[in-house]
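Got the model open in your viewer? Set it to cartoon, keep the selection box handy, and follow along.

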Amino acid sequence: MVARLVVAAPSSGSGKTTVATGLMAAFAAAGLAVSPHKAGPDYIDPGYHALATGRPGRNLDAYLCGTELIAPLFAHGAAGCDVAVVEGVMGMYDGASGHGELASTAQIAKLLRAPVVLVVDASSQSRSVAALVHGFASWDPQVRIGGVILNKVGSARHEELLREALDESGVPVLGALRRERQVRTPSRHLGLVPVAERRAEAVDAVAALAEQVRAGCDLEALLALARSAPELGVDAWDAVAQVAGAGDMVAQVAGGAAAQVAGKVGGRPVVAVAAGAAFTFSYAEHGELLSAAGAEVVPFDPLRDERLPEGTRGLVVGGGFPEVYAPELSGNEPLRTAVAELAWSGAPVAAECAGLLYLSRSLDGQPMCGVLDAEARMSERLTLGYREAVAVSESPLAAVGTRLRGHEFHRTVIEPAAGPAPAWGMRLPERRVEGFVQQGVHASYLHTHWAAEPGMARRFVERCAG
């Protein structure tokens, strides 16, 4: 049993991240072990959550992973914790376009049987706040809104009017945050600036958020609400069992499964994983799956390290902001050469989004690794949304015909968009092919969550060990 609550809002920009991150940090400062989670595919907010709690920020995305995995993934992340806080996505009832409630905050709350705290931007209303809260509380009877936190409150008198109005709604006010005390965090073309790029300032910002929430919210009432959540009644997701299952092996115990997997792939090949300020987009489960499949996962920083980790047999380069660091990445010629040589040797290389750009010939005119015969550049157009995809070329990640769901999130373009052997065929939002498969390289804009397809991790490590 893990106490838990979901932080939701009527719309984006209401203050979910402020409240969720501040609440996580305030609970942690009170001596509680806090499990941080984020609804949806976002990579940036979980970095602030991790800073607030000292634990990996984990995503819960019903579109990418399927509804059946949400509770097990939550139980895995929250194991051993006193309380879990889940930050919602967009407006509470907003989900994947054309799919009803799928991937909405409301659906996550129902799948977790968790009470909801509704964060309301009260800056331009008084009595109307009661109608808004009543509407959200009554829209879906299966969603339990256990309290409201009023954000951007203008004055003591404004707060008094809001509380009086909400007395009639039956939903308790659990906090009020003043407009003038808002903590600012810098943003740019894809959202907040990640923690890895501003760690000292981010530490101060999270501490300020904790103090703001502590001063303006009833922490005891919020914790009591979290503890009112019923038993979840699911088995926690387990990377070893998932990888073993992907190989049609029956895992009797975790240790036995690990031994089977390690034996199957022939030891523990080193898989280098790009990290540092330029490559911050990663789901925590990916490293866990690679380890469970028998790999020794070793992070490295392409901004600083001039060599790949000793004994590297495979390379994973996830998402991030290479466009911000193009001169520095280009200037690290020894590492660019090492990456190219590894790729040309036929070693397995998995590159998503930022990794795709890094493998190209150039990014905004700056030389990159030159593995792919393509040029990348910044664009004025934001590409954002869920995708349905099928593997159209055999690769170290997926067999031809493998179907999964992914997510695109970038403000760059690459030309051509696909190589002679594309990585994926897309169904939505339009039919197209995308990405590159050549030798052992699989490079694409598509972000995927390997928990939905653990066979990808197993297949990748098998190729590394082969």
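The tour goes through pockets, then helix pairs, then two backbone oddities.

Before you click, note that this is a predicted model: local features need pLDDT of at least 70, side-chain atom pairs count only at pLDDT 80 or more, and totals for chains, interfaces and linings use all residues. Residues are numbered from 1 along each chain as its sequence is written, and side-chain values use heavy atoms, with hydrogens and water left out.

**Stop 1: the largest pocket**

Select Ser12, Lys38, Asp42, Val89 and Met90, which lie nearest the centre of the largest pocket among its 47 lining residues. A pocket here is an open set of points on a 1 Å grid over the protein atoms alone, where a 1.4 Å probe fits and protein lies on both sides within 12 Å along at least five of seven lines; lining residues have an atom within 4 Å of a point. The space comes to about 1300 Å³, a volume being what is filled by probe spheres set on the points, with grid points joined across faces, edges and corners.

Now colour α1 (16-29), α2 (44-53), β6 (145-153), β9 (191-192), β16 (375-391) and β17 (403-415), the elements that give two or more residues to this lining. Helices (H or I, at least four residues) and strands (E, at least two) are DSSP runs, numbered from the N terminus. The largest share, 5 residues, comes from β16. By class, the lining has 19 nonpolar, 20 polar and 8 charged residues; Ala, Val, Leu, Ile, Met, Phe, Trp, Tyr, Cys and Pro count as nonpolar, Asp, Glu, Lys and Arg as charged, and the others, Gly among them, as polar.

**Stop 2: the second largest pocket**

Which residues lie nearest the centre of the second largest pocket? Select Thr280, Phe281, Ser282, Tyr283 and Ala284, out of 44 that line this pocket. Its space is about 960 Å³. Keep α2 coloured, since you'll want it here: the largest share of this lining, 5 residues, comes from α2. The lining splits into 28 nonpolar, 12 polar and 4 charged residues.

**Stop 3: α2 against α8**

Stay on α2 and add helix α8 (residues 199-216): they pack at about 70°, axes 10 Å apart. Axes are lines fitted to C-alpha atoms, for helices over the stretch in contact, and angles run from 0 to 180 degrees between N-to-C directions. The two helices are therefore roughly perpendicular (under 35 degrees is roughly parallel, over 145 roughly antiparallel, 65 to 115 roughly perpendicular, the rest oblique). Show Tyr48, Leu51 and Ala52 of α2 with Arg199, Ala202, Val203 and Val206 of α8, which make the contact (heavy atoms within 4.5 Å). That contact has 6 nonpolar, no polar and 1 charged residue.

**Stop 4: α6 against α7**

Next, select α6 (residues 128-139) and α7 (residues 156-167), which pack at about 45° with axes 8 Å apart. That makes α6 oblique to α7. Val129, Ala130 and Val133 of α6 meet Leu162, Ala165 and Leu166 of α7. The contact holds 6 nonpolar, no polar and no charged residues.

**Stop 5: two backbone oddities**

Most residues other than glycine have a negative phi, and most peptide bonds are trans. Zoom to Arg113, in the loop between α5 and β5 (116-121): Arg113 has a positive phi of about 50° although it is not a glycine. Finish at Pro416, in the loop between β17 and β18 (424-426), where the peptide bond from Glu415 to Pro416 is cis, with omega near 0°.
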